[in-house]
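Biologist: I should like to go through this model term by term. Please set each value against its definition before drawing a conclusion.

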Amino acid sequence: MRLILLGVPGTGKGTQGAILSKQWQIPHIDVGEILRQSITNQSPIGLKAKAYVERGDVIPDDVIFNFISKYLNHSSAQGGWILDGFPGSLPQARFLDELLASLGKSDYRVFNFYVPIDVAVGRLQQRGYLGDCPEVIYRRIEIYQQQTAPLIQYYRRQGCLTMINGDRSVETVADFLHSCL
C-alpha cells in the first residue's frame with residue numbers, strides 16, 4: 001500500500017498517518033516530523049532546512065528530492081509507505097511519479113484532508129513545534145494554498161484522490177479512511 005496524505009498543516013494527516021502505519025506495518029514518512037528531528041539533531045539536512053522551517057518557507061526541491069529518494073528506496077519502504085508532507089507542489093508530484101515509475105511502483109492513493117482554517121491554526125498552536133507561531137502558521141497555509149492545493153486537481157484527474165473531512169474525531173476519520181482502503 002502506498003499512500004499520499006495532503007492537507008494544510010493541522011488537518012490531522014500526521015495523526016492518521018501514524019495510525020495507518022501501525023495498522024499496516026508500513027513506514028509513515030512524515031516529512032515535517034523528520035525535518036524537525038533532523039534540525040534538533042543538527043544533521044546535514046537539518047542544518048540546510050532549519051532557516052526555511054523557522055520562516056515557514058518551502059525547502060528547495062533538490063534537498064527534498066534527495067531526501068524522499070533515500071526514504072522510498074530504503075528496504076523498509078519496499079512493502080509500502082505513507083507520505084505525509086510530500087509532494088508539496090506540481091514539480092514535486094511529477095518528480096514522485098517519475099521516481100515511482102523507475103521503481104516499478106506507480107500505483108498509490110491520495111487522501112486530501114481538510115478542516116476550517118481556524119481549526120487548523122488552533123491545532124498547530126496547541127502542539128507548539130518549532131515554527132508554529134501564528135505568523136509562520138499563516139505563511140505555511142498561504143504556501144499550501146498557492147503551491148500544494150493545485151495537486152488536488154492533479155490527483156483528481158488521475159482518479160486516485162479521496163477527500164477527507166478532518167474536522168471530526170480521530171476515530172471517525174480513522175474509520176472512514178479504513179473503509180476507503
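Modeller: Accessible areas here come from the Shrake-Rupley method with a 1.4 Å probe, and for residues only the protein chains shown count as cover. On that basis the chain exposes about 9,000 Å², of which carbon and sulfur atoms supply 52%.

Biologist: On what basis should the values be read?

Modeller: This is a predicted model, in which local features need pLDDT of at least 70 and side-chain atom pairs count only at pLDDT 80 or more, while totals for chains, interfaces and linings use all residues. Residues are numbered from 1 along each chain as its sequence is written, and side-chain values use heavy atoms, with hydrogens and water left out.

Biologist: How do you know that the chain agrees with a compact globule?

Modeller: The radius of gyration is taken over C-alpha atoms, and the globule rule is 2.2 Å times the number of residues to the power 0.38. For 181 residues the rule gives a value near 16 Å, and the chain has 15 Å, so the two agree. The C-alpha trace spans about 40 × 35 × 30 Å along its principal axes.

Biologist: What makes a segment a helix or a strand?

Modeller: Both are DSSP runs, numbered from the N terminus: a helix is H or I with at least four residues, and a strand is E with at least two. The chain has nine helices and five strands. Their order along the sequence is β-α-β-α-α-α-β-α-β-α-α-α-β-α.

Biologist: Why is Pro9 called buried, Pro116 partly exposed and Gln25 exposed?

Modeller: Buried means under 20% relative accessible area, exposed means over 50%, and partly exposed lies in between (1.4 Å probe, protein chains only). Pro9 has 12% relative accessibility and therefore counts as buried. Pro116, at 39%, is partly exposed, whereas Gln25, at 65%, is exposed. Buried residues make up 48% of the 181 residues in the chain.

Biologist: Where do these two prolines lie, and which residues does Pro9 touch?

Modeller: Pro9 is in the loop between strand E1 (2-6) and H1, and Pro116 is in the loop between strand E4 (109-114) and helix H6 (117-127). Contact means heavy atoms within 4.5 Å. Not counting residues up to four places away in sequence, Pro9 touches Ala120, Leu124 and Arg140. Pro9 and Ile117 are 108 residues apart in sequence, yet their C-alpha atoms are 9.5 Å apart in space. For Pro116 and Gly10 the separation is 106 residues in sequence and 9.9 Å from C-alpha to C-alpha. Over the chain, 73% of contacts between residues at least 6 apart in sequence join residues at least 24 apart.

Biologist: What makes a group of residues a nonpolar core?

Modeller: A nonpolar core is a set of buried Ala, Val, Leu, Ile, Met, Phe, Trp, Tyr and Cys residues joined through side-chain atoms within 4.5 Å. The largest such core has 42 residues, and Ile4, Ile68, Leu72, Leu83, Phe86 and Tyr155 touch the most other members. Helix H4 (residues 61-73) gives the largest share of this core, six residues. Apart from it lies another core of 10 residues, including Leu5, Phe111, Val173 and Leu177. Leaving aside neighbours within four places in sequence, Ile68 is in contact with Val31, Leu83, Phe86 and Leu99.

Biologist: What is the peptide bond from Phe86 to Pro87, cis or trans?

Modeller: That bond is cis, with omega near 0 degrees. Pro87 is in the loop between strand E3 (81-84) and helix H5 (90-103).

Biologist: What is phi of Gln25 and of Gln42?

Modeller: Phi of Gln25 is near 55 degrees, a positive value in a residue other than glycine. Phi of Gln42 is likewise positive, near 55 degrees, in a residue other than glycine. Gln25 is in the loop between helix H1 (13-24) and strand E2 (28-30), and Gln42 is in the loop between helix H2 (31-40) and helix H3 (44-55). At 58% relative accessibility, Gln42 counts as exposed.
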